[in-house]
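Let's take a walk through this structure together. Keep the 3D view open and turn it as you read.

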Amino acid sequence: MVPFGGWLMPVQYTSIVDEHQTVRNAVGMFDISHMGQFIVSGNSARDWLNTMLTNNVAKLDAGQGQYTFLLNDNGGVIDDLILYRMGEAKFLLVVNASKIEEDFAWLETRRQDADATMLKNRSADFGGVAIQGPRVVDLFHDLLGPEVELPGRNCIRDFAMAEMPVSIARTGYTGEDGVEVFFRAGDAAKFWNLVLERDAKFGIKPCGLGARDTLRLEMCYPLNGSDLSAERNPIEAGLGFFVDLDKTRFTGREKLLETKTNGARERLIAFKMHGKGPPPRPHYPLFSGGNRIGEISSGTLSPSLNIG
(Lines give C-alpha, C1' and ligand atoms only; values in the text may rest on other atoms or scores of the structure.)
Protein backbone atom coordinates (compact mmCIF):
# COMPACT_ATOMS: atom_id res chain seq x y z
CA MET A 1 0.00 0.00 0.00
CA VAL A 2 1.34 3.45 -0.93
CA PRO A 3 0.10 7.06 -0.68
CA PHE A 4 -1.54 8.11 -3.96
CA GLY A 5 -3.47 11.33 -4.54
CA GLY A 6 -4.36 11.61 -0.86
CA TRP A 7 -5.38 7.93 -0.61
CA LEU A 8 -3.68 4.70 0.40
CA MET A 9 -3.70 2.53 -2.72
CA PRO A 10 -2.54 -1.03 -3.42
CA VAL A 11 0.49 -1.43 -5.68
CA GLN A 12 -0.34 -5.12 -6.03
CA TYR A 13 -2.48 -7.87 -4.53
CA THR A 14 -0.56 -10.90 -5.87
CA SER A 15 2.09 -9.60 -8.26
CA ILE A 16 2.19 -6.95 -10.98
CA VAL A 17 2.90 -9.50 -13.73
CA ASP A 18 0.15 -11.86 -12.54
CA GLU A 19 -2.43 -9.06 -12.43
CA HIS A 20 -1.27 -7.69 -15.80
CA GLN A 21 -1.66 -11.07 -17.48
CA THR A 22 -5.06 -11.56 -15.80
CA VAL A 23 -6.35 -8.40 -17.49
CA ARG A 24 -4.87 -9.40 -20.85
CA ASN A 25 -6.31 -12.94 -20.70
CA ALA A 26 -9.37 -12.95 -18.41
CA VAL A 27 -10.67 -10.02 -16.33
CA GLY A 28 -9.26 -7.80 -13.61
CA MET A 29 -10.88 -5.27 -11.29
CA PHE A 30 -9.29 -1.99 -10.18
CA ASP A 31 -10.60 0.22 -7.37
CA ILE A 32 -10.97 3.72 -8.86
CA SER A 33 -12.92 5.22 -5.96
CA HIS A 34 -10.04 7.66 -5.46
CA MET A 35 -10.90 9.40 -8.74
CA GLY A 36 -12.97 12.57 -8.58
CA GLN A 37 -16.52 12.87 -9.85
CA PHE A 38 -18.13 16.23 -10.67
CA ILE A 39 -21.68 16.87 -11.85
CA VAL A 40 -22.33 19.85 -14.13
CA SER A 41 -25.96 20.58 -14.90
CA GLY A 42 -28.27 23.32 -16.11
CA ASN A 43 -29.42 24.93 -19.34
CA SER A 44 -25.98 26.44 -20.06
CA ALA A 45 -23.94 23.39 -18.96
CA ARG A 46 -23.06 22.16 -22.45
CA ASP A 47 -22.02 25.54 -23.82
CA TRP A 48 -20.02 26.45 -20.72
CA LEU A 49 -18.16 23.10 -20.68
CA ASN A 50 -17.34 23.64 -24.34
CA THR A 51 -15.40 26.77 -23.36
CA MET A 52 -13.53 24.94 -20.58
CA LEU A 53 -12.56 21.67 -22.30
CA THR A 54 -10.64 20.90 -25.50
CA ASN A 55 -12.89 18.28 -27.10
CA ASN A 56 -16.23 19.22 -28.65
CA VAL A 57 -18.91 18.73 -26.00
CA ALA A 58 -21.63 19.60 -28.53
CA LYS A 59 -20.95 16.33 -30.38
CA LEU A 60 -22.10 14.25 -27.40
CA ASP A 61 -25.59 12.80 -27.33
CA ALA A 62 -27.09 11.70 -24.01
CA GLY A 63 -25.34 8.51 -22.90
CA GLN A 64 -22.06 9.24 -24.72
CA GLY A 65 -18.63 10.12 -23.35
CA GLN A 66 -15.31 11.52 -24.58
CA TYR A 67 -11.70 11.91 -23.47
CA THR A 68 -10.76 15.57 -23.08
CA PHE A 69 -8.43 18.07 -21.38
CA LEU A 70 -8.79 20.90 -18.89
CA LEU A 71 -6.12 23.47 -19.77
CA ASN A 72 -4.54 26.49 -18.16
CA ASP A 73 -4.31 29.83 -19.97
CA ASN A 74 -0.96 28.83 -21.55
CA GLY A 75 -2.43 25.63 -23.00
CA GLY A 76 -0.73 23.36 -20.46
CA VAL A 77 -2.64 20.38 -19.11
CA ILE A 78 -4.24 20.84 -15.71
CA ASP A 79 -5.96 17.48 -16.03
CA ASP A 80 -7.06 14.85 -18.51
CA LEU A 81 -10.51 13.46 -17.86
CA ILE A 82 -13.54 11.63 -19.21
CA LEU A 83 -16.72 13.63 -19.77
CA TYR A 84 -20.06 11.81 -19.97
CA ARG A 85 -23.35 13.36 -21.04
CA MET A 86 -25.84 11.80 -18.62
CA GLY A 87 -28.89 13.63 -19.96
CA GLU A 88 -29.96 16.64 -21.96
CA ALA A 89 -28.50 19.10 -19.43
CA LYS A 90 -26.46 16.91 -17.06
CA PHE A 91 -22.78 15.90 -17.34
CA LEU A 92 -20.43 13.71 -15.30
CA LEU A 93 -16.71 14.55 -15.21
CA VAL A 94 -14.34 11.84 -13.94
CA VAL A 95 -11.06 13.52 -12.95
CA ASN A 96 -7.73 12.41 -11.49
CA ALA A 97 -7.57 12.01 -7.71
CA SER A 98 -4.62 14.34 -7.19
CA LYS A 99 -6.39 17.07 -9.20
CA ILE A 100 -9.84 17.08 -7.57
CA GLU A 101 -9.41 20.28 -5.56
CA GLU A 102 -7.46 22.10 -8.28
CA ASP A 103 -9.92 21.13 -11.03
CA PHE A 104 -12.96 22.09 -8.97
CA ALA A 105 -11.50 25.46 -7.97
CA TRP A 106 -10.49 26.20 -11.58
CA LEU A 107 -13.98 25.42 -12.86
CA GLU A 108 -15.77 27.17 -9.99
CA THR A 109 -13.93 30.46 -10.48
CA ARG A 110 -14.83 30.40 -14.19
CA ARG A 111 -18.48 29.49 -13.82
CA GLN A 112 -20.07 32.52 -15.41
CA ASP A 113 -23.77 32.06 -14.64
CA ALA A 114 -24.33 30.30 -11.32
CA ASP A 115 -28.08 30.15 -11.90
CA ALA A 116 -27.86 28.53 -15.36
CA THR A 117 -24.95 26.16 -14.62
CA MET A 118 -24.62 24.08 -11.44
CA LEU A 119 -21.28 22.50 -10.42
CA LYS A 120 -21.20 19.82 -7.72
CA ASN A 121 -18.32 17.76 -6.36
CA ARG A 122 -19.79 14.34 -5.54
CA SER A 123 -16.40 12.61 -5.12
CA ALA A 124 -16.86 11.75 -1.43
CA ASP A 125 -20.31 10.24 -2.00
CA PHE A 126 -19.55 7.93 -4.92
CA GLY A 127 -17.06 5.12 -5.59
CA GLY A 128 -16.04 3.28 -8.70
CA VAL A 129 -14.22 0.30 -10.16
CA ALA A 130 -12.69 -0.45 -13.55
CA ILE A 131 -13.33 -4.01 -14.72
CA GLN A 132 -11.14 -4.85 -17.70
CA GLY A 133 -10.36 -7.83 -19.88
CA PRO A 134 -11.62 -10.03 -22.72
CA ARG A 135 -14.15 -11.85 -20.49
CA VAL A 136 -15.88 -8.69 -19.25
CA VAL A 137 -19.03 -9.22 -21.36
CA ASP A 138 -19.44 -12.79 -20.05
CA LEU A 139 -19.01 -11.52 -16.50
CA PHE A 140 -21.71 -8.88 -16.85
CA HIS A 141 -24.13 -11.27 -18.53
CA ASP A 142 -23.72 -13.38 -15.40
CA LEU A 143 -24.32 -10.33 -13.16
CA LEU A 144 -27.14 -8.67 -15.10
CA GLY A 145 -28.67 -11.46 -17.18
CA PRO A 146 -27.81 -12.86 -20.63
CA GLU A 147 -30.32 -10.61 -22.37
CA VAL A 148 -28.81 -7.36 -21.04
CA GLU A 149 -26.50 -5.51 -23.43
CA LEU A 150 -23.64 -3.42 -22.11
CA PRO A 151 -23.36 0.14 -23.47
CA GLY A 152 -21.31 0.68 -26.63
CA ARG A 153 -17.74 1.97 -26.62
CA ASN A 154 -17.42 5.31 -24.76
CA CYS A 155 -21.11 5.18 -23.79
CA ILE A 156 -22.73 5.05 -20.35
CA ARG A 157 -26.03 3.66 -19.04
CA ASP A 158 -27.74 3.27 -15.67
CA PHE A 159 -28.57 -0.20 -14.35
CA ALA A 160 -29.81 -1.83 -11.15
CA MET A 161 -27.60 -4.62 -9.82
CA ALA A 162 -28.51 -6.52 -6.63
CA GLU A 163 -30.72 -3.55 -5.63
CA MET A 164 -27.82 -1.13 -6.18
CA PRO A 165 -28.17 1.71 -8.71
CA VAL A 166 -25.01 1.75 -10.85
CA SER A 167 -23.78 3.63 -13.91
CA ILE A 168 -21.76 1.47 -16.31
CA ALA A 169 -19.48 3.13 -18.87
CA ARG A 170 -17.69 1.22 -21.65
CA THR A 171 -14.35 2.89 -20.97
CA GLY A 172 -10.99 1.97 -19.47
CA TYR A 173 -7.27 2.56 -19.29
CA THR A 174 -5.85 -0.85 -20.23
CA GLY A 175 -6.41 -1.31 -23.96
CA GLU A 176 -8.72 -4.27 -23.33
CA ASP A 177 -12.49 -4.33 -23.57
CA GLY A 178 -13.88 -3.20 -20.26
CA VAL A 179 -16.15 -1.01 -18.19
CA GLU A 180 -15.94 1.55 -15.44
CA VAL A 181 -18.76 1.30 -12.91
CA PHE A 182 -19.86 4.11 -10.58
CA PHE A 183 -22.01 3.60 -7.46
CA ARG A 184 -22.88 5.11 -4.10
CA ALA A 185 -19.94 5.00 -1.67
CA GLY A 186 -22.02 2.96 0.76
CA ASP A 187 -22.41 0.23 -1.87
CA ALA A 188 -18.69 -0.03 -2.67
CA ALA A 189 -17.81 -3.08 -0.56
CA LYS A 190 -21.03 -4.85 -1.55
CA PHE A 191 -20.34 -4.32 -5.27
CA TRP A 192 -16.66 -5.30 -4.94
CA ASN A 193 -17.53 -8.58 -3.20
CA LEU A 194 -20.40 -9.33 -5.58
CA VAL A 195 -17.99 -9.24 -8.52
CA LEU A 196 -15.15 -11.15 -6.83
CA GLU A 197 -17.56 -13.98 -5.98
CA ARG A 198 -17.36 -14.81 -9.72
CA ASP A 199 -13.62 -15.52 -9.47
CA ALA A 200 -13.92 -19.28 -9.94
CA LYS A 201 -16.11 -18.86 -13.03
CA PHE A 202 -14.28 -16.03 -14.81
CA GLY A 203 -10.79 -15.91 -13.26
CA ILE A 204 -11.34 -12.36 -12.04
CA LYS A 205 -8.71 -10.86 -9.73
CA PRO A 206 -8.26 -7.51 -8.00
CA CYS A 207 -5.47 -5.42 -9.53
CA GLY A 208 -3.33 -2.57 -8.20
CA LEU A 209 -1.45 0.49 -9.38
CA GLY A 210 1.50 -1.50 -10.70
CA ALA A 211 -0.51 -3.43 -13.28
CA ARG A 212 -2.47 -0.31 -14.15
CA ASP A 213 0.81 1.36 -15.10
CA THR A 214 2.24 -1.52 -17.17
CA LEU A 215 -1.07 -2.04 -18.99
CA ARG A 216 -1.49 1.61 -19.93
CA LEU A 217 2.15 1.92 -21.00
CA GLU A 218 1.81 -0.99 -23.44
CA MET A 219 -1.05 0.96 -25.06
CA CYS A 220 0.79 4.35 -24.94
CA TYR A 221 -1.88 5.88 -22.70
CA PRO A 222 -0.54 8.99 -20.91
CA LEU A 223 -0.44 9.55 -17.15
CA ASN A 224 -1.03 13.04 -15.82
CA GLY A 225 1.89 14.22 -13.74
CA SER A 226 4.30 12.03 -15.71
CA ASP A 227 3.56 12.37 -19.43
CA LEU A 228 1.18 15.32 -19.11
CA SER A 229 1.87 18.48 -17.17
CA ALA A 230 1.03 22.15 -16.84
CA GLU A 231 4.14 22.91 -18.95
CA ARG A 232 3.21 20.59 -21.87
CA ASN A 233 0.18 21.10 -24.11
CA PRO A 234 -1.83 18.29 -25.73
CA ILE A 235 -0.35 18.86 -29.20
CA GLU A 236 3.19 18.52 -27.82
CA ALA A 237 1.99 15.35 -26.09
CA GLY A 238 0.80 13.92 -29.43
CA LEU A 239 -2.84 14.09 -28.34
CA GLY A 240 -4.16 16.71 -30.72
CA PHE A 241 -6.93 14.31 -31.80
CA PHE A 242 -8.74 15.27 -28.57
CA VAL A 243 -8.52 19.00 -29.29
CA ASP A 244 -11.11 20.66 -31.53
CA LEU A 245 -9.48 23.84 -32.80
CA ASP A 246 -12.57 24.49 -34.93
CA LYS A 247 -14.27 25.63 -31.75
CA THR A 248 -13.97 29.40 -31.66
CA ARG A 249 -13.35 29.66 -27.92
CA PHE A 250 -11.93 27.52 -25.15
CA THR A 251 -9.23 28.08 -22.52
CA GLY A 252 -5.76 27.67 -24.02
CA ARG A 253 -6.94 27.68 -27.65
CA GLU A 254 -4.62 30.51 -28.80
CA LYS A 255 -1.51 28.76 -27.46
CA LEU A 256 -2.50 25.45 -29.09
CA LEU A 257 -3.19 27.19 -32.39
CA GLU A 258 0.25 28.79 -32.15
CA THR A 259 1.85 25.36 -31.54
CA LYS A 260 0.03 23.83 -34.49
CA THR A 261 1.05 26.72 -36.76
CA ASN A 262 4.70 27.00 -35.71
CA GLY A 263 5.39 23.39 -34.73
CA ALA A 264 5.92 21.87 -31.31
CA ARG A 265 9.06 22.79 -29.34
CA GLU A 266 9.14 19.20 -28.06
CA ARG A 267 7.25 16.01 -28.77
CA LEU A 268 6.15 13.11 -26.59
CA ILE A 269 6.99 9.86 -28.41
CA ALA A 270 6.62 6.14 -27.80
CA PHE A 271 9.68 3.89 -28.01
CA LYS A 272 10.77 0.33 -27.24
CA MET A 273 14.17 -1.07 -26.35
CA HIS A 274 16.23 -3.48 -28.46
CA GLY A 275 18.50 -6.10 -26.97
CA LYS A 276 19.18 -6.85 -23.34
CA GLY A 277 19.58 -4.24 -20.65
CA PRO A 278 17.73 -2.57 -17.80
CA PRO A 279 14.19 -1.36 -18.56
CA PRO A 280 13.64 2.37 -19.07
CA ARG A 281 12.52 4.31 -16.01
CA PRO A 282 11.08 7.81 -15.52
CA HIS A 283 13.65 10.65 -15.68
CA TYR A 284 16.33 8.56 -17.40
CA PRO A 285 18.04 10.79 -20.00
CA LEU A 286 17.96 10.01 -23.73
CA PHE A 287 21.10 10.48 -25.83
CA SER A 288 21.83 10.52 -29.54
CA GLY A 289 25.43 10.74 -30.74
CA GLY A 290 26.55 11.78 -27.29
CA ASN A 291 24.05 14.62 -27.10
CA ARG A 292 21.23 14.62 -24.58
CA ILE A 293 18.02 14.96 -26.61
CA GLY A 294 15.31 14.20 -24.07
CA GLU A 295 14.13 12.52 -20.91
CA ILE A 296 11.90 9.51 -20.26
CA SER A 297 8.54 10.51 -18.81
CA SER A 298 7.28 6.93 -18.26
CA GLY A 299 9.04 3.60 -18.67
CA THR A 300 8.82 -0.01 -17.52
CA LEU A 301 9.35 -3.62 -18.59
CA SER A 302 6.38 -4.79 -20.66
CA PRO A 303 5.01 -8.07 -19.22
CA SER A 304 3.27 -8.88 -22.52
CA LEU A 305 6.28 -8.22 -24.79
CA ASN A 306 9.16 -8.76 -22.33
CA ILE A 307 10.90 -5.59 -23.56
CA GLY A 308 11.34 -2.11 -22.18
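The paragraphs below go from the sheets to a cavity, then to aromatic rings and a loop residue.

Please keep in mind that this is a predicted model. A good place to begin is the sheet whose strand order is β10-β11-β12-β9-β3-β13. This sheet is open, has 6 strands, and its pairing is mixed. If you look for its edges, you will find β10 (156–161) and β13 (204–207), each of which pairs on one side only. From one strand to the next, the twist averages 25°.

Inside that order, β9 and β12 are neighbours worth a look. Strand β9 covers residues 126–132 and strand β12 covers residues 178–184; the two run antiparallel and are joined by 7 bridges. To find the register, start from F126, whose bridge partner in β12 is R184. As background, the strands of a sheet pair through backbone hydrogen bonds, in either a parallel or an antiparallel way.

Now turn to another open sheet, this one of 5 strands in the order β5-β6-β7-β4-β8, with antiparallel pairing. Here the edge strands are β5 (65–71) and β8, each pairing on one side only. The twist in this sheet averages 30° from one strand to the next. Starting at the β5 side, strand β6 (residues 77–87) pairs with β5 in the antiparallel sense over 7 bridges, and Y67 has I82 as its bridge partner in β6.

Further along the order comes β4, which has partners in β7 and β8. With strand β7 (residues 90–95), β4 pairs over 6 bridges in the antiparallel sense; G36 finds its bridge partner in V95 of β7. With strand β8 (residues 118–121), β4 shares 4 bridges, again running antiparallel, and S41 is matched with M118. How many of the 6 residues of strand β4 are buried? The number is 5, so strand β4 (residues 36–41) is largely enclosed by the rest of the structure.

Next, look inside the protein. The count of cavities of 30 Å³ or more comes to 1, and the largest cavity has a volume of about 80 Å³. Its lining is made up of M9, P10, Y13, F30, D31, I32, H34, C207, G208, L209 and R212. Both β3 (27–31) and α7 (209–218) supply at least two residues each to this lining. By class, the lining holds 7 nonpolar, 2 polar and 2 charged residues.

On to the aromatic rings, where the count comes to 8 pairs. One of them joins F241 and F242 in an edge-to-face arrangement, with 5.3 Å from centre to centre and 90° between the planes. Is F241 buried or exposed? With a relative accessible area of 74%, F241 is exposed, while F242 is partly exposed at 23%. Ring pairs also link these two with Y67 and F69 into a cluster. You have already met Y67 as the bridge partner of I82 in β6.

Finally, find T171 in the loop between β11 (164–169) and β12. With a relative accessible area of 4%, T171 is buried, because that value lies under the 20% cut-off. From there you can trace the chain to N193, 22 residues apart from T171; the C-alpha atoms of the two are separated by 21 Å.

Notes. Residues numbered from 1 in each chain as written. Predicted model: local features only at pLDDT ≥ 70, side-chain atom pairs only at ≥ 80, totals over all residues. Heavy atoms only, no water. Pairing = 2+ DSSP bridges. Axes fitted to C-alpha atoms, helices over the stretch in contact; angles between N-to-C directions. Buried < 20%, exposed > 50% of the residue type's maximum accessible area, 1.4 Å probe, protein only. 1 Å grid on protein atoms, 1.4 Å probe; cavity = no way out; pocket = protein on both sides within 12 Å on 5 of 7 lines; lining within 4 Å. Points joined across faces, edges and corners; volume = space filled by probe spheres on them. Nonpolar A, V, L, I, M, F, W, Y, C, P; charged D, E, K, R; others polar. Phe/Tyr/Trp six-rings, centres within 6.5 Å; stacked < 30°, edge-to-face > 60°.
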